[in-house]
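The following exercises concern the relation between two chains and the way they meet. Each task is followed by a solution that goes step by step.

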2 protein chains.
Amino acid sequence: MRHSALHDQPCSIARTVAVLGERWTFVILREAFQGQRRFEDMQRGLGIARNILADRLNRLVEEGILDRRPYRQRPPRYEYRLTDKGRDLYPVLVALMQWGDRHRCGDAGPPTVLVHEACGHETRPHYVCSHCGEEIEAQTMRSEPGPGRLAPTA
Amino acid sequence: MRHSALHDQPCSIARTVAVLGERWTFVILREAFQGQRRFEDMQRGLGIARNILADRLNRLVEEGILDRRPYRQRPPRYEYRLTDKGRDLYPVLVALMQWGDRHRCGDAGPPTVLVHEACGHETRPHYVCSHCGEEIEAQTMRSEPGPGRLAPTA
């Protein structure tokens, strides 16, 4: 159920939003990263219509981002867990959160803070260059054609 | 024109996707970061319907993410530039791109690569902790309520 006009572009941003690019999908993923696994719990946390939640969960399972497993037989009930591919989306949620923290919170401060359990401290992650280790800023970056520019869509 | 069910949540992810959360918006921002400023150039690069592009650009201007300036008087023509608030979205695009590079490119490799002009090298940015400097991984992170949890929406 990908959005083909986007999925067919030689662009990893377009291909990713062809899969994810619906508002509710991002907050469903937020729930999954916070450890919510069950439909009822997610629905309560999100305030989302049941049919929309069911549809978005199905798509995330089809895309291999969530794994669906039965946890009860009668009546059948399933839980949803992030796959490795799903966990790879964590930076997307961090980036969305930080923009909202900066531009959508007013003086009250962020509704949620992140703690890096490895060091035990509250953290505001930032992107660094894999070569020089310096912080990444948009003004110091440019894009160039990569090896897959002319390849057919995967 | 924000999506109010999301905008009213005490969550910076929800508030951000309330503004951005439509697939085409992300690729319009990609064009803006690549230096495209004019409607016609963006439309050619995106393969998007004119009315959709006009609508999404208007929303981005309303939200203060793009700035619209006239560049010709007769007929009136405008160009669109990222504001500082818009440039703060760069990490969102990097994160979306990297997931697509990993999971949507097959063996061909990424269609686009990033160059860090400050050091001159191709780069694959990664998030590090603002406290300890170590790379961020989803498994070592947790969320906690922040100061703005109970505040009214900004």
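Two strands are taken to pair if DSSP finds at least two bridges between them. The model to which this is applied is predicted.

**Exercise 1. Determine which residue of strand S6(B) stands opposite A:Leu114, and place it in its sheet.**

Step 1. In S6(B), the residue opposite A:Leu114 is B:Ser143.

Step 2. Strand S3 of chain A, residues 112-116, is joined to S6(B) by five bridges, and the two run antiparallel. The criterion for pairing asks for at least two bridges.

Step 3. The strands belong to an open sheet of three, ordered S4(A)-S3(A)-S6(B), in which the pairing is antiparallel. At the edges lie strand S4 (121-123) of chain A and strand S6 (141-145) of chain B, each of which pairs on one side only. From one strand to the next, the twist averages 45°.

**Exercise 2. Identify the operation that superposes chain A on chain B.**

Step 1. Chain A is brought onto chain B by a rotation of 180°, with 0.0 Å of shift along the axis and an RMSD of 0.0 Å.

Step 2. This is therefore the relation of a two-fold axis.

Step 3. Within chain A, A:Tyr127 has the C-alpha nearest the axis, at 2.2 Å from it.

Step 4. Both copies use the same surface, since 100% of the contact residues of chain A recur in chain B.

**Exercise 3. Describe the contact between the chains: how many residues does each contribute, and of which classes are those of chain A?**

Step 1. Chain A contributes 80 residues and chain B contributes 80 residues.

Step 2. On the side of chain A that touches chain B, helix H7 (residues 90-103) of chain A gives the most, with 14 residues.

Step 3. Sorted by class, that side of chain A comprises 42 nonpolar, 22 polar and 16 charged residues.

**Exercise 4. State what confidence the predictor assigns to chain A and to the complex.**

Step 1. For chain A, the mean pLDDT is 93, and 97% of the residues reach 70 or more.

Step 2. For the complex, the predictor gives an ipTM of 0.95 and a pTM of 0.95.

Step 3. Where pLDDT is low, predicted coordinates should not be read in detail.

How values were computed:
Residues are numbered from 1 along each chain as its sequence is written. Chains are lettered from A and ligands numbered from 1 in the order in which they are written. This is a predicted model: local features need pLDDT of at least 70, side-chain atom pairs count only at pLDDT 80 or more; totals for chains, interfaces and linings use all residues. Copies are superposed by least squares on the C-alpha atoms of residues with pLDDT of at least 70 in both. Two residues are in contact if their C-beta atoms, placed from the backbone, lie within 7 Å. Helices (H or I, at least four residues) and strands (E, at least two) are DSSP runs, numbered from the N terminus. Axes are lines fitted to C-alpha atoms, for helices over the stretch in contact, and angles run from 0 to 180 degrees between N-to-C directions. pLDDT is the predictor's confidence in each residue, from 0 to 100. Ala, Val, Leu, Ile, Met, Phe, Trp, Tyr, Cys and Pro count as nonpolar, Asp, Glu, Lys and Arg as charged, and the others, Gly among them, as polar.
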